[in-house]
Amino acid sequence: MTDLEAALRRAVRGEVGFDVTSRALTTMDASNYRRVPLGVVAPTDADDVAAVLEVCRERGVPVVARGGGTSIAGQATGTGVVLDFTRHMNRLVALDPQTRTAVVQPGLVLDRLQDAAAPHGLRFGPDPSTHSRCTLGGMIGNNSCGSHSVAWGTTADSVRELSVLTARGRRLRLGQEWAGAPEGLRELVDGDLARLRTGFPDLPRRISGYALDALLPENGADVARSFCGSEGTLGVLTEAVVRLVESPRARALAVLGYADEAGAAEAAAGLLPLGPLTVEGMAVDLVPSTEGLPRGGAWLFVETGGATEAEARARAEAVVRAADVVDALVVTDPAGQRTLWRIREDASGTATRMPDGSEAWPGWEDCAVPPARLGGYLRDFRSLLSAHDLRGTPYGHFGDGCIHVRIDFDLLTDAGVARFRRFSEELADVVVAHGGSLSGEHGDGQARAELLPRMYGAETVALFERAKAVWDPDDLLNPGMLVRPAPLDTNLRFSVLPREPVDVAFGYPSDGGDFSAAVRRCVGVAKCRTTSVSGTGVMCPSFRATGDEQHSTRGRARLLHEMLAGELVTDGWRSTEVRDALDLCLSCKGCRSDCPVEVDMATYKAEFLHHHYEGRRRPAAHYAMGWLPVWLRWAARTRTAPVVNALASVRPLAAVAKRLGGIAGEREVPRLAGETFSRWWRRRRRGPAGDGDLVVLWPDTFTEHLSPSVGRAAVRVLEAAGLRVALPPTLRGRGVIGDGTSKSALALLTARRGQVCCGLTYVSTGQLDRARTVMRRTLDLMAPVLETSAPVVVLEPSCAAALRTDLPELLHDDPRAARLASRVLTFAEALERHAPHWTPPAVNLPAVGQTHCHQHAVLGDAADRRLRESAGLRGELCGGCCGLAGNFGFEEGHYEVSAACAEDQLLPAVREAPDGAVVLADGFSCRTQLEQLAGVRGRHLAEVLAEELEKE
Ligand SMILES: Cc1cc2nc3c(=O)[nH]c(=O)nc-3n(C[C@H](O)[C@H](O)[C@H](O)COP(=O)(O)OP(=O)(O)OC[C@H]3O[C@@H](n4cnc5c(N)ncnc54)[C@H](O)[C@@H]3O)c2cc1C
Ligand code: SF4
Ligand code: SF4
């Protein structure tokens, strides 16, 4: 233990983390930069913060405060001690609706403040897109804004008083009229009044530099306001009194379509006199689909407010009338508005990639110009991009002249980094020529601070340096930001990654086969770090269950990044830190669909486990549950299912078996079916074959051995819909498909009986060699099916997802894998595509349950929704993950998190179900979780429909 760590442990009550994991988790924010800290402290109160500052000052160790770590310019990272305010100092201390103020701790997440203010008809004005995870401390640190700043200003406009500790341990209460000003600040201002009056451009979004002009007497000598946007370089905030604004009772959203971006940009400023709440803009190249948007090549999202819906609508319609648009729509219903806003909010994440999926990075994502000059600025900006042969898709707060864009800089090669520098310098000049600010809301950090002299001139920057010296004479707080900045092309997070592709098992088709490229996808947006999820979203259940960054998608991506970098995590694939961070990943694949850049942690986890255990003994659960298909087949062949069930019901025996198999003691071992699905299939009496399409029904391990009733129900429904159902061959070679017995004499002589398997259980436990063997064998068996045009219907969503994605990505060298993947249909998709005229029986009941996480992430649930609707199954299924997630919830040490995930959405939804509701759960895991944790029987949609058919 270092002297620093020991001293901190003695001095503070909060957690002190100098371990590899704690440090790895804070090496980056959402920027291009990476700085490795010495350690992380999670203070419990202001005294803890004071103690950290004292210990660090004595040793000359820098300190950086950190909230959600969503900064885009590197200012939430540091080389000394990181103060993590999100763990303990995250409370709303008080909220007074009378005075419209709230007292907050710095780690409070904005959405929690909004939740508390909403019942009083109030809200905090600024609302960055990261509202679900950004903190008030971070917002004050950056002087954050958001889409409503045309109405409610920046964070500085909403701040009343700030409790701040200086690096030398002084406790200040910052306010107006010099309240709390550190010694020497007033003299500094008084001595340079002329510069302060003329050296700061007048525009709504000037976030660059220190806001020293707020200290002018005519501006109320507002020390609190001036502190906003200081990026943790002047003092550490421990509490804030903030102002709340009245939230309009009703809102309407006018979406205005323009021919192009310049048209939208030029129109934006003209709408401001109409008093809109937002004027947001984006062009067509930013949105994956224009569905739901009015016609046009660019749009303005203009929100209006009112005391009633009619009033808000009337204002929105007035905006449409005043705007010279190609097309427009006005929405007043809240759900419709939310859907449209989600397009805009997701756009900021979408923009982290180019439309063709190639990489794009921040750095110049945040300039602002006077709104009236936006059109001209955008034209100059685009031509500078082309001059440097760069691409980017601008969008942003057009009403405030603030533009966001991610650019396809090459930050991997020296030449690319040199071009990044040249472009940055030239663009800074363009922004300044338009009277603008290098940063319009994200702050300067390391990305823009070096260029501040171009915007402010050397003298004003020298004044910034003197101000910094007044607050922090020892340069202890977040050095390298704002003044005496680190060069913008150093500390780039990519420079530490291996140059050559790493040897891996999966194909990583979207990353050119390069695992480093897959890992560096995570841009730190932190959408995976939220405590609630909207709609049918899934990502990231393990963070929601634990609240620990280590168990978020971002945390895991950071550890993998450090593993590849090899500087902090030094033992590569053998790293126990990476293994532990991945341990609570449910492999739910939620991030694959919900992360704006499609970080696919389930795949990375399988890859890691494959290498981590290469040539070594694995945890017992990998053998017990990874090899589940083998054990179950063995029980079926030997007809010992009843014996296994009987033994499993004897508690002491089950306990021993669970311990040996690495299964959580709290879990019941699922019962094996008395008769497998395919045995039932072989003995059943068949009616005359219909003349509908042939579909091949996949006997997945769960349907086959654990819930054959699902398979039987599916056969009943598919045949009722007029389809001819077959099972995959069980003998290799060119036999007859579909009878499950394949008795041709030649086949019998030359082949061994086998069973198809998607390999899911081997993949999720990282036994990738075995998974490949199983998948190859499956492709051999499926060869005759692949020669036909028959679709393959998979009832278990996990298996369908494995066949669609894991199979082709793992057997990327075998063209048959992609062919089989393309044939896979869910039950609902098969009915919709192959029996389009069939009408399902009318169930006419409310339905609750959960869309399977793999269905959400890989397969989509549109066909399921339509099938449910036409069967009269009313209501929405919830999102999230059931928490059992195949082997995950059964594994020793996972029970608590597994149950917490179920409590996130599924169990509350089922508890609140209306009387007589059908509980739908297509996945075996979800049904097991429901049964074991709530005593509720969930059913596959096929079972519900089959039962109704029986009644007819
Ligand atoms: C996809 C995306 C979209 C975004 N959209 C917006 C947007 O619409 N509007 C906007 O304004 N920003 C936006 N941002 C930037 C960022 O999310 C905001 O600035 C946010 O408010 C930062 O909050 P945080 O809790 O993550 O702070 P952090 O990143 O953790 O910290 C921000 C700064 O504040 C300092 N700080 C944190 N706590 C303290 C403290 N207690 N005392 C002193 N200093 C402290 C830090 O040192 C750092 O310099 C976006 C970022 C991303 C990735
Ligand atoms: S995993 Fe995705 S959502 Fe999470 S921080 Fe990384 S990019 Fe953002
Ligand atoms: S697979 Fe699921 S649990 Fe794992 S990181 Fe992604 S969202 Fe989180």
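Two strands pair if DSSP finds at least two bridges between them. In this predicted model, V104 has A240 in β10 as its bridge partner, and the strands around β10 are a convenient place to start.

## Strand β10 and its neighbours

β10 covers residues 236–243. Six of the eight residues of β10 are buried, and the strand is thus mostly covered. Strand β6, residues 101–104, pairs with β10 in the antiparallel sense over four bridges. Strand β8, residues 159–165, also runs antiparallel to β10 and is joined to it by six bridges. Within β10, E239 stands opposite S163.

T101 belongs to strand β6. Is T101 buried or exposed? T101 has a relative accessible area of 12% and is therefore buried, the cut-off for buried being under 20%. The side chain of T101 also makes a polar contact of 2.8 Å with the side chain of T99.

## Domains

The domain assignment divides the protein chain into domain 1 (3–84), domain 2 (92–246), domain 3 (248–350), domain 4 (509–602), domain 5 (673–834) and domain 6 (845–951). Between the C-alpha centres of domain 2 and domain 5 there is a separation of 61 Å.

## Ligand 1

The shell around ligand 1 holds 38 residues, of which A65, G67, T70, S71 and T130 come nearest. Domain 1 (3–84) and domain 2 (92–246) each supply at least three residues to this shell. By class, the shell of ligand 1 consists of 14 nonpolar, 21 polar and three charged residues.

Individual polar atoms of ligand 1 can be matched to atoms of the protein. An oxygen atom of the ligand is 2.7 Å from an N or O atom in the side chain of T135, and an oxygen atom is 2.8 Å from an N or O atom in the side chain of N142. On the backbone, a polar atom of L237 is 2.9 Å from a nitrogen atom of ligand 1. Taken alone, ligand 1 exposes 970 Å², and the protein buries 99% of that area.

Which elements give two or more residues to the shell around ligand 1? They are β3 (63–66), α5 (136–142) and β10 (236–243). Of the shell, α5 gives the largest share, five residues. β10, mostly covered as described above, is thus both a contributor to this shell and an antiparallel partner of β6 and β8.

## Ligands 2 and 3

Around ligand 2 there are 14 residues, and C522, V525, A526, C528 and C595 come nearest. Around ligand 3 there are 13 residues, and C540, R556, C585, C588 and C591 come nearest. The elements that give two or more residues to the shell of ligand 3 are α19 (541–546) and α20 (553–565).

The make-up of the three shells by class is set out below.

| Shell | Nonpolar | Polar | Charged |
|---|---|---|---|
| Ligand 1 | 14 residues | 21 residues | three residues |
| Ligand 2 | 10 residues | two residues | two residues |
| Ligand 3 | eight residues | three residues | two residues |

## Strand β14

Strand β14 spans residues 298–306, and nine of its nine residues are buried. In a regular strand the side chains alternate between the two faces of the sheet. In β14, A298, L300, V302, T304 and G306 point one way, while W299, F301, E303 and G305 point the other way, and all are buried.

β14 has antiparallel partners as well. Strand β12, residues 250–258, pairs with β14 over nine bridges in the antiparallel sense, and A254 stands opposite V302 of β14. Strand β13, residues 278–283, runs antiparallel to β14 and is joined to it by six bridges. In that part of the structure, F301 of β14 is the bridge partner of E280.

## C367

C367 lies in strand β16, residues 367–368. The relative accessibility of C367 is 2%, so C367 counts as buried. How far apart in space are C367 and H404, C-alpha to C-alpha? The distance is 7.1 Å, although C367 and H404 are 37 residues apart in sequence.

Conventions. Residues numbered from 1 in each chain as written. Chains lettered and ligands numbered in written order. Predicted model: local features only at pLDDT ≥ 70, side-chain atom pairs only at ≥ 80, totals over all residues. Heavy atoms only, no water. Near = heavy atom within 4 Å. Polar contact = N/O pair within 3.5 Å; in protein donor to acceptor, adjacent residues only side chain to side chain. Areas by Shrake-Rupley, 256 points an atom, 1.4 Å probe, with all protein chains shown as cover. Nonpolar A, V, L, I, M, F, W, Y, C, P; charged D, E, K, R; others polar. Domains from an automatic or database assignment. Buried < 20%, exposed > 50% of the residue type's maximum accessible area, 1.4 Å probe, protein only.
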